[in-house]
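Me: Could you walk me through this model with a few questions and answers? I'd like to go from the domains to the sheet and then to a helix pair.

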Amino acid sequence: MFTPQNLDEIRSLLCKENKVVIVTHYNPDGDAIGSSLGLKHILRNYGVEADVVVPNDFPKFLKWMPEAKKITIADYKRKKAREILQSADVLFILDFNSPQRSGDLMAPWITNSNSIKILIDHHQMPDAFDYVYSDTTQPATCQMIYNFADALGAKEHIDLQAAQCLYCGIMTDTGGFRFRSTSAQTHRVVADLIEKGAEPSMIASSTWDTNTLSRFKLLGLILGRMELAADGQVAILTLTRDELRTYGFEKGDTEGFVNYGLSIQGVKMAAFFMEDLYEDFIKISFRSKDDLDVNQFSRKHFNGGGHINAAGGKYYKTLESTVADFQRIIEDEPSLQASDSD
Ligand code: 5GP
Ligand code: MN
């Protein structure tokens, strides 16, 4: 958490005279949108209006969140987004660790902004900002927004709308309260959010019971040709641009696919390689179990990063060459040597 002195300074920054703007990472997920909107609702009750700006569009299944439709999407409204960022006196940077994670369009606006920058994030290795609350043991930035409101003495400002947004981000970033970072504190926070009105069944169903036929067809396709490597310890999933087009891919359609690989008995790491729809690179999602650190792995080999058990990366080769390089790299991966299974 911020130091008491930092909290005092932040408190004095949060006033009507200051323009407050909230930004999050490229391809915003449930935690990114949930923390941004959650903080916006809390700040409003605190007496401060904030604008949320995101680099690009986010999945339809997150648009039920209160005021999701008021978010400015820089990809669609460049001028407006740039003006909002230029006018910021205080900039909250949520759920990412470095301006470059907000994409090529928005990163320079953040870097060049004269605003006071406040980072709240749970990714590894945050850049330096004016105020930093970084904690990689937290399962979701939404849980950190709750802690921040608590530390500010503003917990009573978490209203129904804020509670719904924060609940959603915690639910999605913990994979439904099951990832390793899910703690007793997570459940205490979530219990409080439920008491403030967040309805678990409504939120889970609005977010997750949103499958489309095209998504299931895509899933069937990639599960049908999933492969195991490294003595059954690594699952490899692939998807081509042509396949994405054939099935009328929409943002969010492939969310969670990589987890099917990780759910296979004996698998310690799953890697999902997907051709980008427009540009010539491969977007990779890594998931792992226990101490196998895919954040380090992706940083070292695939121009990426993230968390210990969930990371992403980008690779500028064809799909075949990327998978071939990956297979060579995992041969030398110490944590995948000598399987201890019987
Ligand atoms: P996903 O596989 O769901 O896209 O991402 C998993 C995690 O890794 C997320 O926390 C995300 O922020 C992070 N991540 C995904 N892609 C990248 C990347 O290219 N660079 C870095 N540094 N982190 C990434
Ligand atoms: Mn997150």
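Me: Into which domains is the chain divided?
Reply: Happy to start there: this is a predicted model, where local features need pLDDT of at least 70, side-chain atom pairs count only at pLDDT 80 or more, and totals for chains, interfaces and linings use all residues. Residues are numbered from 1 along each chain as its sequence is written, and chains are lettered from A and ligands numbered from 1 in the order in which they are written. Bounds come from an automatic or database domain assignment, and the chain is divided into domain 1 (4-208) and domain 2 (213-336).

Me: Which strands stand at the edges of the open sheet?
Reply: Strands here are DSSP E runs of at least two residues, helices H or I runs of at least four, both numbered from the N terminus, and strands pair if DSSP finds at least two bridges between them. The 6 strands pair in parallel in the order β3-β2-β1-β4-β5-β6. One side of each edge strand is left without a neighbour because each has a single partner, and these strands are β3 (72-73) and β6 (131-134).

Me: How are α2 and α6 oriented to each other?
Reply: Axes are lines fitted to C-alpha atoms, for helices over the stretch in contact, with angles from 0 to 180 degrees between N-to-C directions. The axes of α2 (residues 30-46) and α6 (residues 160-173) come within 8 Å and cross at roughly 160°. Angles under 35 degrees count as roughly parallel, over 145 as roughly antiparallel, 65 to 115 as roughly perpendicular and the rest as oblique. α2 and α6 are therefore roughly antiparallel.
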